[in-house]
Amino acid sequence: MVTEAVTMTDPAGLKAIGAALAVGLTGLASAYAERDIGAAAIGAMAENEGLFGKGLILTVIPETIVIFGLVVAILML
Amino acid sequence: MLRPKQMTRAVIVGHKDILENTVDALHNGNLFQIEDFVEEDDSYLKIGKPFDNGSELSKQLVKIRSIASLLGVKDNTAEKQSTKAVCTQLDNCLDSLDAELDAHVEKKSMLENELKDVLSTKRDLSPFINIDLDLDLYRGYESLDVFTGHVKEDITPSLSKITSSFELFYDSHSGVIVLFVAREKAAEVTEMLPSFTFKELKVPQLSGVPSRLIADIEGKEAELLGKIDAIEQDIDALKQQYGDFILASNELLSIEVQKSDAPLRIATTESSFLIDGWLPTERYGELEQIVNKATSSRAFIYTQEISKSDVPKVPIEYNNPKVVSPLQEIMNLYGRPTYKEIDPSALIFITFPLLYGMILGDMGYALILATLSIVIKKVVSSDAIKSLMNILIYCQISAFLFGILYGEFLGFPLAGYHGTPGLIPGFETIDLIATPFAGEVIGYPLHRTHLIMTFIVATVFVGLIHINIGYLVGFINEKRKHGIFAAIFEKGSWFVVQLGIFLTVLGYLGMLPIILGAVIFIIGVAMLLKGEGIKGPIELPSILSNSLSYTRIIAVGLSSISIASTVNFIAFGMIWQPGSQIGAMTLFAIVVFIFGHSLNTILSIIAPGLHALRLQYVEFFGKFYEGGGRKYDPFGYIRKYTEEK
């Protein structure tokens with residue numbers, strides 16, 4: 001008779017994977033969004049240094065995505 | 001505070017006789033920002049002409065600046081010299097200094113060119129260094145062809161197959177060949193050579209054996225380098241001797257040129273002039289006094305009302321107490337406030353360090369960073385960096401206070417928590433109030449790692465307060481600019497919307513009829529629609545996203561704690577346990593501890609700093625701030641190296 005080994009998945013492990021995905025994917029998303037903005041902001045600053053403040057703001061706007069990811073991860077664990 | 005300094009637009013009119021005296025007095029006063037005059041075609045007012053000495057002064061200034069750049073004179077803290085002494089010295093020695101320096105520089109560049117030639121010959125010769133053959137023997141044959149170049153391996157075997165009448169010199173070390181072959185076989189050899197990746201070398205047009213030639217060249221190179229060095233020393237001596245004089249005369253001439261060019265910014269007629277400009281209202285009396293003194297009261301000064309179209313042009317001078325002034329750097333990064341706007345420097349003086357402290361909240365890092373900033377402030381002389389360090393110090397004070405509240409030191413909890421011991425033996429967390437969130441209990445100290453849900457909710461509330469202060473300031477700005485009704489519809493509507501949402505939530509919980517909240521919400525949206533147009537309702541979700549954005553206060557804080565406690569665990573948990581035997585591992589643990597915390601210290605400036613800054617710039621300023629004011633930059637000069645005696 002053949003018996004199939006029954007394996008249990010530990011829910012804690014899945015939670016950890018979920019948390020990792022939440023932070024990792026949102027981090028990638030933020031980076032992807034900030035890439036173009038950052039490059040453009042540096043370009044603008046090369047023309048006019050006074051744009052530093054506005055450039056910084058526009059660059060960090062998408063970074064809220066990863067903060068939300070981090071919060072979600074913290075809530076999951 | 002909260003408003004830029006009040007400015008006055010003043011006009012000075014007088015006869016051209018007294019123009020020079022007036023300009024002199026204004027320049028010394030350093031308080032009046034001249035508004036550049038723009039000439040119009042049909043106007044009877046013309047742009048003035050520079051004073052007579054202008055072109056001569058400009059020439060001298062150009063000369064001094066070129067000398068300064070050739071000598072590499074840098075700003076320093078020299079003793080102030082009297083202008084008279086500098087003037088006499090300027091007349092006496094500017095030309096001779098210029099000539100002397102020119103001679104040195106010319107000689108140096110000649111020697112450098114020579115050196116370049118020598119080095120290039122050396123480079124051309126160096127492949128042939130191991131082939132002991134006079135260079136004259138490389139050329140001038142009638143029946144022989146000469147191949148010189150690099151190959152990848154010895155070509156003798158292949159060559160022997162083509163012909164036996166050849167003479168080959170091969171330097172196996174560098175792969176250089178010199179091949180003499182009968183002319184009739186040259187074509188075949190040319191065909192064969194590419195298979196050895198032959199790269200031709202040009203033979204320098206010199207005579208003599210390469211190795212000896214190179215030795216000669218090296219001797220010459222050393223001699224040239226010695227000469228260049230001597231000239232550099234002479235130039236350095238000039239720099240030592242004249243450095244302070246150059247700085248002083250540069251300053252003096254810059255001032256004189258500014259003065260002599262001033263008429264180019266001033267309106268004039270045949271025999272009179274008219275200077276238009278700005279100054280802080282509080283200094284108007286001073287302006288009258290200095291101009292009257294310089295012109296024996298012959299100039300006429302009057303104030304002009306600031307019209308609506310002038311408002312964007314008004315230069316902005318901050319009006320903040322000294323403690324707040326470092327925060328002006330943060331304002332400058334974003335853009336100065338405009339004249340009618342509230343200057344939020346004093347607000348971010350409180351909110352920026354507050355949010356920074358809430359995020360970092362660690363006594364250890366606060367102490368390290370405070371010490372660092374104080375040291376840097378003492379060492380560095382740049383004003384911008386000093387202000388930055390002052391801001392950092394404010395932030396560290398706040399971080400230290402929050403560190404006491406959170407009971408954290410370099411990632412270690414100070415107090416024990418339900419059985420796990422803290423850094424201070426016997427100091428136990430005192431439980432105070434149970435919260436409705438995930439059974440968490442508020443106590444002292446506040447363990448952020450055990451109060452995550454509570455902190456997330458609390459930070460959103462901090463955000464709501466911060467944002468609403470923003471709306472309130474926006475309300476005041478709007479009222480000042482466009483009147484009370486515009487303010488109520490544009491900014492007041494946001495309060496109504498929030499009230500509506502709050503009452504709806506209460507209704508949802510069954511405390512109120514839900515319709516009440518919904519009606520107020522709809523009224524708020526309608527007001528917003530009237531105030532801001534369609535853009536208003538589109539921005540409605542920003543209330544949610546903006547206030548949720550403040551959860552970064554706990555999120556970034558937790559990540560900092562995690563890094564710190566991981567470092568602590570690796571050092572004093574995995575590598576070496578306190579209490580066990582002291583040995584090499586103890587040292588290793590300490591190294592890891594120091595390295596890890598240095599890294600986290602740097603992150604503790606960047607992460608909380610940038611996030612706190614972003615909360616100001618995006619979430620807070622977005623509600624009210626326009627910015628873009630012009631800097632108040634009075635006509636004058638702050639002397640560093642000279643003084644009038």
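**Tour of a two-chain model**

Begin with helix H3 of chain A: its buried residues pack against helix H1 (11–47) of chain A and, from chain B, against helix H12 (452–482), helix H16 (542–549) and helix H17 (552–575). The model is a predicted one.

**H3(A) and the contact with chain B**

Colour the buried positions of H3(A): these are Thr64(A), Val66(A), Ile67(A), Gly69(A), Leu70(A), Val71(A), Ala73(A) and Ile74(A). Next, check the length of the helix. H3(A) has 13 residues, which at 1.5 Å a residue should span 18 Å, and its end C-alpha atoms are 18 Å apart, so the two agree.

Now show the whole contact between the chains, to which chain A gives 11 residues and chain B gives 15 residues. On the chain A side, the elements that supply two or more residues are helix H2 (52–60) and helix H3 (64–76). That side of chain A has 9 nonpolar and 2 polar residues, and no charged residues.

**The cores**

Move to Tyr356(B). With neighbours within four places in sequence left aside, Tyr356(B) is in contact with Cys395(B), Ser398(B), Ala399(B), Pro608(B), Gly609(B) and Ala612(B). Which members of the largest nonpolar core touch the most other members? They are Leu355(B), Tyr356(B), Ile359(B), Ala399(B) and Ile553(B), out of 63 residues. Another core, of 24 residues, lies apart from it; among them are Met7(B), Leu19(B), Ala299(B) and Ile316(B).

**Asp383(B)**

Select helix H11 (residues 383–406) of chain B, where Asp383(B) lies. Is Asp383(B) buried or exposed? Asp383(B) is exposed, because its count is 9 other C-beta atoms within 10 Å, and a residue with 12 or fewer is classed as exposed. Add Pro326(B) to the selection: Asp383(B) and Pro326(B) are 57 residues apart in sequence, and their C-alpha atoms are 9.7 Å apart in space.

**Domains and sheet of chain B**

Zoom out to chain B, where the domain assignment gives domain 1 (140–202) and domain 2 (345–623). The centres of domain 1 and domain 2 of chain B, taken over C-alpha atoms, are separated by 78 Å.

Then display the strands of chain B. An open sheet of 4 strands runs in the order S6-S7-S5-S8 (chain B), with antiparallel pairing. Its edge strands, S6 (166–171) and S8 (199–200) of chain B, each pair on one side only. Strand S5 (residues 144–150) of chain B is joined to S8(B) by 2 bridges, and these strands run antiparallel. To see one of the partners, select His150(B) and look across to S8(B), where its bridge partner is Lys199(B).

Terms used
Residues numbered from 1 in each chain as written. Chains lettered and ligands numbered in written order. Predicted model: local features only at pLDDT ≥ 70, side-chain atom pairs only at ≥ 80, totals over all residues. Contact = placed C-beta atoms within 7 Å. Nonpolar A, V, L, I, M, F, W, Y, C, P; charged D, E, K, R; others polar. Expected span 1.5 Å × (residues − 1). Buried ≥ 20, exposed ≤ 12 C-beta atoms within 10 Å, placed from the backbone. Domains from an automatic or database assignment. Pairing = 2+ DSSP bridges. Core = buried A, V, L, I, M, F, W, Y, C linked by C-beta atoms within 7 Å.
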